[in-house]
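Welcome to a short tour, made to be followed with the viewer open. Each stop tells you what to select and then what is there.

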Amino acid sequence: MDDLARWTAALTTMVGLGVTLGLNPALYAATADALAQNTRVGARVGWMVAGLATGATVLYLVLQSFDPTEFVAAAERGTTDAVLDRRVDLAAGAVFLAGAVAMGIWRVRRPARPSHRTTASSHAHGWSSYVLGVSCSIVGFTTLPIMYMTGRVADGVSDHPLLRWLAYAVFLAALAAPFVLLATAWTRFPTTAARVNGVYLRLIEKDHRALYAVVLGVAGVACVILGLIPGR
């Protein structure tokens, strides 16, 4: 009975950790892009999931030998100091404003933007989805603690390596499940997929450079104002 309770708790935790690691805006944005383009959806999502599994497994093995808590805490302190540094705000503001000016000049000098309709298939390469999956499973402040906790939970399941890897397989299944389910569900509605694909293609054909310039300009002004506020 105790073994059943321990396994239930451990596997439930593994499912939660797997879903949490996958909660990355970049992953869901890439999935939405694949669904909207409706081009090799299964292959692209499959490569992304494979990249997630690869990166997570590499971290899982690496973190068996050290505790990343101190590293993450130091990185968070450094990031907090940088965020509160007025020079960083001013530098970011200058970069954003320069980007807004450059975007505006580009829009004025080349009013007609080249069509992107013929390049939609270029976004369907599997290797780019794979690289995205690997990077999202490794880079970030939350990935290290999540994978460290995953390793500790797997170690607590049993002393037998096979059972530990079985628990880790549950983690990988939970990590992949949301993306696989989305891709599978999408293929079940071809009419809806075709309509969304048509809207998507029309949107990417529009010239958004003026909007980008405005957004960059607003961000630049906001950063400069933050940098000039006294007492920060």
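Start by selecting aspartate 155 and arginine 152, and show their side chains: they meet in a salt bridge, with N and O 2.6 Å apart. Bear in mind from the outset that this is a predicted model. Both residues belong to helix H7, and because they are three residues apart, about one helical turn separates them. As a reminder, an α-helix has 3.6 residues a turn, so residues three or four places apart point the same way.

Now add arginine 164 to the selection. Its salt bridge is with aspartate 155, and the closest N and O atoms are 3.6 Å apart. Shared partners join Arg152, Asp155 and Arg164 into one network. How accessible are the two arginines? Arginine 152 has a relative accessible area of 28%, so it is partly exposed; arginine 164 is partly exposed too, with 25%.

How many salt bridges does the structure hold? There are three. To see another, select arginine 44 and aspartate 33, whose closest N and O atoms are 2.9 Å apart. This pair links distant parts of the chain, with arginine 44 in helix H3, aspartate 33 in helix H2, and their positions 11 residues apart. Is arginine 44 buried or exposed? Arginine 44 counts as buried because its relative accessibility is 6%, below the 20% cut-off.

Stay with H3 and select the whole helix. Its 22 residues should span 32 Å at 1.5 Å a residue, and the end C-alpha atoms are indeed 32 Å apart, so the two values agree. Colour the buried residues next; among them are Val41, Val45, Met48, Val49, Leu52, Gly55, Ala56 and Thr57.

Threonine 57 deserves a stop of its own. This residue of helix H3 makes a side-chain polar contact with the side chain of tyrosine 168, at 2.9 Å. Leaving aside neighbours within four places in sequence, threonine 57 is in contact with Trp165, Tyr168 and Leu172.

Next comes the largest nonpolar core, which has 33 residues. Which elements give two or more residues to this core? They are helices H1 (2–21), H2 (25–37), H3 (41–62), H7 (143–157) and H8 (161–187). To find the residues with the most contacts inside the core, select Leu21, Ala56, Met147, Phe171 and Phe179.

Zoom in on phenylalanine 179 and show what surrounds it. Not counting residues up to four places away in sequence, phenylalanine 179 touches Gly22, Leu27, Tyr28 and Thr31, along with Val45, Met48, Val49 and Leu52. The last four of these are also among the buried residues of H3.

For a contrast, select valine 139, in the loop between helix H6 (126–138) and H7. Valine 139 is exposed, since its relative accessible area is 60%, above the 50% cut-off. Add glycine 55 and draw a distance between the C-alpha atoms: the two residues are 84 apart along the chain, yet 9.3 Å separates these atoms.

Finish with the record. The unreviewed UniProt entry places the feature "transmembrane region" at residues 6–29, 41–63, 90–108, 129–148, 168–189 and 210–229. Select residues 90–108 and you will see a span that is 100% helix, with end C-alpha atoms 27 Å apart. Then try residues 168–189: this span is 91% helix and 0% strand, and its end C-alpha atoms lie 33 Å apart.

Key. Residues are numbered from 1 along each chain as its sequence is written. This is a predicted model: local features need pLDDT of at least 70, side-chain atom pairs count only at pLDDT 80 or more; totals for chains, interfaces and linings use all residues. Side-chain values use heavy atoms; hydrogens and water are left out. A nonpolar core is a set of buried Ala, Val, Leu, Ile, Met, Phe, Trp, Tyr and Cys residues joined through side-chain atoms within 4.5 Å. Buried means under 20% relative accessible area, exposed over 50%, partly exposed in between (1.4 Å probe, protein chains only). Helices (H or I, at least four residues) and strands (E, at least two) are DSSP runs, numbered from the N terminus. Contact means heavy atoms within 4.5 Å. UniProt positions are given in the numbering used here, feature names are shortened, and annotations may be inferred rather than shown by experiment. A polar contact is a pair of N or O atoms within 3.5 Å; within protein, one must be able to donate a hydrogen and the other to accept it, and residues adjacent in sequence count only if both atoms are side-chain atoms. A salt bridge is a side-chain nitrogen of Lys or Arg within 4 Å of a carboxyl oxygen of Asp or Glu. The expected span of a helix is 1.5 Å times one less than its number of residues.
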